[in-house]
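Subject: Structure handover

Hello,

Here is the structure I promised to pass on. Please open it beside this email and follow along.

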Amino acid sequence: MLKERLPVLRRSKGWTMKRMAEELCIPYTTYVGYEKGVREPPMELLVRMARLFGVSVDTLLGREDSPALGDEDIKFALFGNRAGEITDEMYEQVKNFAAFLEKKYQQKD
């Protein structure tokens, strides 16, 4: 399902495959492999893709049509099995840092 969803979501942003690879900070050929279905991205990358599109990982994988990526998906991608140990304050700091980085890199475009 990922190979069917990725091109649709990518095109909805008006991005080329090259731009998508740049957004994800991965090699172009690696991303092409994901769209063709010959490669499987790691969970951390699936979560980053879902965040870029504003959907859940399940939606990205075609398991449901839920529009939002949940905090638990993000915590698991960031902290793995230790996600349950992360306090709300710690998680807020991580989100603030991510927002800072996003803003920083948008200013470079």
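**Confidence and overall fold**

This is a predicted model. The average pLDDT of the protein chain is 83, and 85% of the residues score at least 70. Confidence peaks in helix α3, at a mean of 96. It is lowest in helix α6 (residues 71-79), where the mean is 69. Where pLDDT is low, the predicted coordinates should not be read in detail.

The chain has seven helices and zero strands. Along the sequence, the pattern reads α-α-α-α-α-α-α. There are 109 residues in the chain, and 33% of them count as buried. The chain exposes about 7,300 Å². Carbon and sulfur atoms supply 51% of that area. Now take the contacts in the chain with a separation of 6 or more: 39% of them involve residues 24 or more positions apart.

**The nonpolar core**

Start inside. The largest nonpolar core has 23 residues. Those with the most contacts inside it are L6, Y31, M49 and L60. Five elements to look for are α1, α2, α3, α4 and α5: these are the ones that give two or more residues to this core. Helix α4 supplies the largest share, six residues.

Which residues does L6 contact, leaving aside neighbours within four places in sequence? They are Y31, Y34, E35, M49, F53 and L60. Two of the residues named there, Y31 and Y34, are also among the buried residues of α3.

**Helix α3**

The buried residues of α3 are T30, Y31, V32, G33, Y34 and E35. They pack against α1, α2 and α4. Just after α3 comes G37, which takes a positive phi of about 80°.

**Salt bridges**

How many salt bridges does the structure hold? It holds four. Here are some of them, one by one.

R10 pairs with E35, and their closest N and O atoms are 2.5 Å apart. R10 belongs to helix α1 (residues 2-12) and E35 to helix α3 (residues 28-36), so this pair ties together parts that are 25 residues apart in sequence. Are these two residues buried or exposed? Both R10 and E35 are buried.

R19 forms a salt bridge with E23. Here the closest N and O atoms are 2.8 Å apart. Both residues lie in helix α2 (residues 17-24). They are four residues apart, about one turn of the helix. R19 has a relative accessible area of 32%, so it counts as partly exposed. E23 is partly exposed too, at 30% relative accessibility.

D58 bridges to R63, with the closest N and O atoms 3.4 Å apart. Why does D58 count as partly exposed? Because its relative accessibility is 28%, and the partly exposed class runs between the 20% and 50% cut-offs. R63 is exposed, with a relative accessible area of 62%.

**Helix α4 and the loop after it**

L52 lies in helix α4. It is partly exposed, with a relative accessible area of 23%. What does L52 touch, not counting residues up to four places away in sequence? It touches K13, W15, M20, E23 and L24. One of these, E23, is the salt-bridge partner of R19. L52 and R10 are 42 residues apart in sequence, yet 9.4 Å apart in space, C-alpha to C-alpha.

Next comes the loop between α4 (43-53) and α5 (57-60). Two of its residues deserve a look. G54 sits in this loop and is partly exposed, with a relative accessible area of 41%. G54 and L9 are 45 residues apart in sequence. In space they are 9.8 Å apart, C-alpha to C-alpha.

S56 is in this loop too. S56 is buried, because its relative accessible area is 4% and buried means under 20%. The side chains of S56 and T59 are joined by a polar contact of 3.0 Å.

**Where to start**

Try locating L6 and its contacts, including Y31 and M49. Then find R10 and E35, the salt bridge between α1 and α3. Finish with S56 and its polar contact to T59.

Best wishes

How values were computed. Residues are numbered from 1 along each chain as its sequence is written. Side-chain values use heavy atoms; hydrogens and water are left out. A salt bridge is a side-chain nitrogen of Lys or Arg within 4 Å of a carboxyl oxygen of Asp or Glu. Buried means under 20% relative accessible area, exposed over 50%, partly exposed in between (1.4 Å probe, protein chains only). pLDDT is the predictor's confidence in each residue, from 0 to 100. Contact means heavy atoms within 4.5 Å. Accessible areas come from the Shrake-Rupley method with a 1.4 Å probe; for residues, only the protein chains shown count as cover. A polar contact is a pair of N or O atoms within 3.5 Å; within protein, one must be able to donate a hydrogen and the other to accept it, and residues adjacent in sequence count only if both atoms are side-chain atoms. A nonpolar core is a set of buried Ala, Val, Leu, Ile, Met, Phe, Trp, Tyr and Cys residues joined through side-chain atoms within 4.5 Å.
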